[in-house]
Amino acid sequence: MATALEPTTFAVPEVRQTQMLIGGKWQDAASGKTFATVNPATEEIIAEVAEGDAADIDLAAQAARAAFESGPWATMDARDRGKLMTKLANLIEDNFDELAALESLDNGKPISDARAADLPLAIDCLHYYAGWADKIHGDTIPIRGDYFCYTRREPLGVCGQIIPWNFPMLMAAWKWGPALAAGCTIVMKPAEQTPLTCLRMGELAMEAGFPPGVINVVPGYGPTAGAAMVKHPGVDKIAFTGEHRTAQIIMADAAQTLKRLTFELGGKSPNIVFADADLDAAIAGAEFGLFFNQGQCCCAGSRLFVEESVHEEFVERIVERASSRVLGNPFDAKTTQGPQVDQDQFEKILGYIEKGKEQGAACVTGGNRFGDKGYFVEPTIFTGVTDDMAIATDEIFGPVMNILSFKDFDEVVERANNTQFGLAAAVWTRDVQKAHRIANSVRAGTVWVNCYDVFDAAAPFGGFKMSGMGRELGEAALANYTESKTVTMSLG
Ligand code: NAI
Ligand code: MG
């Protein structure tokens, strides 16, 4: 709720940066091309942004290589690297209002969400990894014979980072944090839908004093700029977040240069509510776990399994909550649901809603476009969903909740695991044994017990099965950005 200090509507920010950042300089695309980034709430163009492709990626990869191999970054003490990262985190905090507004403008998310989640989490992530910079070290190893053997953990090199549009700044922070802490250099391609906050972060990185070429930002499209990065022989690694089908293309494209790959992909996460749960908490958690960020979360609880004996009450109450969500202008502090990010996503979601109806699920609330301007979709709930329906198997990435009813423990575990994905899961119960048994049995990278979407920079996140490869966040992510070197020295 707005207080006297919090305005009820926020001002639309000025767009300061639309060029690309290569080797510390802001420049147009080599081709001179630009593309439009659109405000999804109004369908109006916000700005024209430099459109990078292979030529720009090549320049950025060269700049990143030069910064990796010589210059201040290559020889900088690890603790000073950490200090620069802290400075960047502080500068983001100093520009909190502007960045939150820019995120809301470009992505469509309610500004209150950007202020409560995206910004604080991004700042926290950079602080967390700043603390790691001088704590990455190898081991001494007692091998046979008269030798001294130790390992070094060296920075991996030039890292290509390709991020999506659902949490643009936060995804940039998740990727910059471990890469910079490890001493790597970066070529980042933000999503074509949402380049603006990443460009602004690039400006703040320059202000913080990162040496030229350490962080390069090249906006552009996936099949051009993104694919050029994946194929570039001067890029050592690709870190990608997005759709599993894109990851399959990236894996094939990366084969030629045998790049290191880490993937954070989609999901169809089971959210399991047992009859013995605190239903108030479970209902609030189910709403948040699915509708947060317009349903555009890789870990959305999009298969909601509710035990049969509480199904009727649960449905009645969750429908009431969903239909009281406030859709509208993302810059209004009261708004809890904004538009989907673009027309493609909007059409994809409406297509799945139609499929759900055709395949016999009951649409008990929503099911339509909201308003006639902007890519808004009503909060939608299906009941009577069966495991084989498209809405139960595919990632919809929108405000569409699918409720499936279950009878017993073994049945729900089997059904929860009956998916190609394995990103996250949640369970709601007051029975601690049941909670642990679910946590152990569900094949997913994250399990939340009596909570949902609890993220922390220190806690690893990533997927089993087709939901990903490797882990982001925590100490685990540092492994993605270092190579281990074994040094053996004769003492004889
Ligand atoms: P996408 O996977 O195509 O895009 C993500 C990023 O990859 C963007 O920066 C894009 O430019 C880049 N990209 C696309 N094709 C590429 C290629 N051939 N080589 C290198 N980079 C490439 O996802 P898109 O099309 O925006 O959304 C489609 C679906 O993907 C969504 O409906 C959703 O289901 C899923 N998705 C999952 C996300 C997650 O957080 N796991 C985030 C975004 C989308
Ligand atoms: Mg795509």
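In the predicted model, Gln294 is placed in the loop between α10 (279-291) and β13 (303-307). Its phi is positive, at about 60°, although Gln294 is not a glycine. Most residues other than glycine have a negative phi. Gln294 has a relative accessible area of 0% and therefore counts as buried, the cut-off being under 20%. A second non-glycine residue with a positive phi is Asp453, for which the value is near 55°. Asp453 belongs to the loop between β18 and β19. With a relative accessibility of 12%, Asp453 also falls under the 20% limit and so is classed as buried.

The loop that holds Asp453 also contributes to the aromatic contacts of the chain. Aromatic pairs number 17 in the chain. In one of them, the ring centres of Trp174 and Phe461 are 5.7 Å apart and the ring planes stand at 70°, so the arrangement is edge-to-face; the angle required for that class is over 60 degrees. The two residues come from distant parts of the chain: Trp174 is in helix α6 (residues 168-182), whereas Phe461 is in the loop between β18 (446-449) and β19 (468-469), and 287 residues separate them. Both partners are buried, Trp174 with a relative accessible area of 6% and Phe461 with 2%. A further edge-to-face pair is formed by Phe240 and Phe263, with ring centres 6.1 Å apart and planes at 90°. Phe240 is part of strand β10 (residues 237-241) and Phe263 of strand β11 (residues 260-264), so this pair ties together parts of the chain 23 residues apart in sequence. The relative accessible area is 5% for Phe240, which is buried, and 6% for Phe263, likewise buried. Ring pairs also join Trp174 and Phe461 with Trp448, Tyr452 and Phe455 in a cluster.

Contacts between separate parts of the sequence were also examined around Ile353, which is located in helix α12 (residues 343-358). Ile353 has a relative accessibility of 0% and is therefore buried. When residues up to four places away in sequence are left out, Ile353 touches Gly367, Val377, Thr380, Phe382 and Val400. For one of these residues, Thr380, the C-alpha to C-alpha distance from Ile353 is 8.3 Å, at a sequence separation of 27 residues.

For the chain as a whole, the secondary structure consists of 15 helices and 20 strands. Of the contacts with a separation of 6 or more, 74% are between residues 24 or more positions apart. The radius of gyration is 23 Å, which agrees with the value near 23 Å that a compact globule of 492 residues would have. Along the principal axes, the C-alpha atoms fill a box of roughly 75 × 60 × 45 Å. Buried residues account for 57% of the 492 residues.

The accessible surface of the chain amounts to about 19500 Å², with carbon and sulfur atoms providing 51% of it. The chain carries 42 positive and 65 negative charges, and the mean positions of the two sets are 5 Å apart.

Notes
Residues numbered from 1 in each chain as written. Chains lettered and ligands numbered in written order. Predicted model: local features only at pLDDT ≥ 70, side-chain atom pairs only at ≥ 80, totals over all residues. Heavy atoms only, no water. Helix = DSSP H or I, 4+ residues; strand = E, 2+ residues; numbered from the N terminus. Rg over C-alpha atoms; globule rule 2.2 N^0.38 Å. Buried < 20%, exposed > 50% of the residue type's maximum accessible area, 1.4 Å probe, protein only. Contact = heavy atoms within 4.5 Å. Areas by Shrake-Rupley, 256 points an atom, 1.4 Å probe, with all protein chains shown as cover. Lys, Arg positive; Asp, Glu negative; His and termini not counted. Charge placed at Lys NZ, Arg CZ, Asp CG, Glu CD. Phe/Tyr/Trp six-rings, centres within 6.5 Å; stacked < 30°, edge-to-face > 60°.
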